Amino acid sequence: MNILLWIVQVALAVLSFAGGAYKVFSFDELAKMPATGALSRGGWGALGVFEMLCAVLLVVPAATRWMPVLTPLAAAALVLETLALAVLYSRYSLRLTATNPLVWVVVMALMAAFVAYGRYAIKPLA
């Protein structure tokens, strides 16, 4: 179970870091989507920085065993953030296509919930 949790943690960290960097550094591309009108450029940038911070906190504290309690907390924070984004995206489209960001944030929310529960209850690091 520990190996599966690590695989999901690293995959979630990569997805979160990439998504956060996209929100921060590629706002012009992001602005082409209709759902981006709900938040300003600064709002999307703040979400991007938050996602990148959570991505780092998913891996570094667990790998170094320095304050490993931050890992399930970062995963839980990502659950809340991705569910809020899912609500935002669902207002614009409920189609299940690969280009719909709703699909990706729901998958990330499930992955983050698995990591949060797994690292808190099933296989804690400490």
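**Close-up 1. Glu51 within helix H3 of the predicted model.** Glu51 belongs to helix H3, which comprises residues 41-64. Its relative accessibility is 2%, so Glu51 counts as buried, the cut-off being under 20%. A polar atom of the Glu51 side chain lies 3.2 Å from the backbone nitrogen of Gly20. When neighbours within four places in sequence are left aside, the residues in contact with Glu51 are Ser16, Gly19, Gly20, Lys23, Leu78, Glu81 and Leu85. Gly20 thus appears both in this set of contacts and as the partner of the Glu51 side chain at 3.2 Å.

**Close-up 2. The second largest pocket and its lining.** This pocket holds about 160 Å³ of space. Eleven residues line the second largest pocket, and those closest to its centre are Met33, Pro34, Ser93, Asn100 and Pro101. Classified by residue type, the lining consists of six nonpolar, four polar and one charged residues.

**Close-up 3. Helix H5 and its buried residues.** Helix H5 runs through residues 101-122 and has 22 residues. At 1.5 Å a residue, a span of 32 Å is expected; the end C-alpha atoms of H5 are 30 Å apart, and therefore the two values agree. The buried residues of H5 are Pro101, Leu102, Val105, Met108, Ala109, Met111, Ala112, Val115, Ala116, Gly118 and Arg119. These buried residues pack against helix H1 (2-25), H3 and helix H4 (70-90). Pro101, listed among the buried residues of H5, is also one of the residues closest to the centre of the second largest pocket.

Conventions. Residues are numbered from 1 along each chain as its sequence is written. This is a predicted model: local features need pLDDT of at least 70, side-chain atom pairs count only at pLDDT 80 or more; totals for chains, interfaces and linings use all residues. Side-chain values use heavy atoms; hydrogens and water are left out. Helices (H or I, at least four residues) and strands (E, at least two) are DSSP runs, numbered from the N terminus. Buried means under 20% relative accessible area, exposed over 50%, partly exposed in between (1.4 Å probe, protein chains only). A polar contact is a pair of N or O atoms within 3.5 Å; within protein, one must be able to donate a hydrogen and the other to accept it, and residues adjacent in sequence count only if both atoms are side-chain atoms. Contact means heavy atoms within 4.5 Å. On a 1 Å grid over the protein atoms alone, a cavity is a set of points where a 1.4 Å probe fits but cannot get out, and a pocket is an open set with protein on both sides within 12 Å along at least five of seven lines; lining residues have an atom within 4 Å of a point. Grid points are joined across faces, edges and corners, and a volume is the space filled by probe spheres set on the points. Ala, Val, Leu, Ile, Met, Phe, Trp, Tyr, Cys and Pro count as nonpolar, Asp, Glu, Lys and Arg as charged, and the others, Gly among them, as polar. The expected span of a helix is 1.5 Å times one less than its number of residues.
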